[in-house]
Amino acid sequence: DNPERGCVNIRVGFHSGPVVANVVGRRNPRYCLFGDTVNTSSRMESNSKKNRIHCSERSAKLLRKQCPEMRIRSRGWIQVKGKG
């Protein structure tokens with residue numbers, strides 16, 4: 001609430017699909033997710049606008065089905081590195 005302290009802008013990437021999860025490391029264990037779904041989500045974040053959630057078409061379809069009242073706006077076709 002204090003403009004003198006600055007502000008934080010975030011970008012969020014959102015994709016739905018299968019992942020593999022595991023705890024990695026012994027000394028400092030971390031819970032990690034692996035798979036194409038994680039990579040696609042990262043690409044969504046990279047192409048997102050600040051303070052926005054960028055979701056894939058697959059996730060948008062799921063959201064529309066599960067929560068029809070949620071407002072989802074298309075940004076049109078966006079080329080994503082490493083994706084068709």
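**Pocket and surface of a predicted model**

Colleague: Which helices and strands each supply at least two residues of the lining of the largest pocket?
Modeller: Happy to start there, keeping in mind that this is a predicted model. Three elements each give the lining at least two residues. In chain order they are helix H1 (36-46), strand S4 (52-55) and helix H2 (57-66).

Colleague: Which element gives the largest share of the lining of the largest pocket?
Modeller: The space in this pocket comes to about 1,000 Å³. Its lining counts 33 residues, and the closest to the pocket centre are His54, Cys55, Ser56, Glu57 and Arg73. The largest share of that lining is six residues, and they come from H2.

Colleague: How many residues of that lining are charged?
Modeller: Let's sort the lining by residue class. The nonpolar group has 12 members and the polar group 10. That leaves the charged group, with 11.

Colleague: How much accessible area does the nonpolar surface patch have?
Modeller: Five residues make up this patch: Val8, Ile10, Val12, Phe14 and Ile53. One of them, Val8, sits in the segment before strand S1 (11-14). Together the patch residues have about 470 Å².

Colleague: Is Val8 buried or exposed?
Modeller: A residue counts as exposed over 50% relative accessible area. Val8 has 68% relative accessibility, so Val8 is exposed.

Colleague: And Arg5, is that residue buried or exposed?
Modeller: Arg5 also lies in the segment before S1. Its C-alpha atom is 38 Å from that of Gly82, 77 residues away along the chain. Because its relative accessibility is 74%, Arg5 counts as exposed.

How values were computed:
Residues numbered from 1 in each chain as written. Predicted model: local features only at pLDDT ≥ 70, side-chain atom pairs only at ≥ 80, totals over all residues. Heavy atoms only, no water. 1 Å grid on protein atoms, 1.4 Å probe; cavity = no way out; pocket = protein on both sides within 12 Å on 5 of 7 lines; lining within 4 Å. Points joined across faces, edges and corners; volume = space filled by probe spheres on them. Helix = DSSP H or I, 4+ residues; strand = E, 2+ residues; numbered from the N terminus. Nonpolar A, V, L, I, M, F, W, Y, C, P; charged D, E, K, R; others polar. Patch = residues over 30% accessible without salt bridge, like charges linked within 9 Å, V, L, I, M, F, W, Y side chains within 5 Å. Areas by Shrake-Rupley, 256 points an atom, 1.4 Å probe, with all protein chains shown as cover. Salt bridge = Lys/Arg side-chain N within 4 Å of Asp/Glu carboxyl O. Buried < 20%, exposed > 50% of the residue type's maximum accessible area, 1.4 Å probe, protein only.
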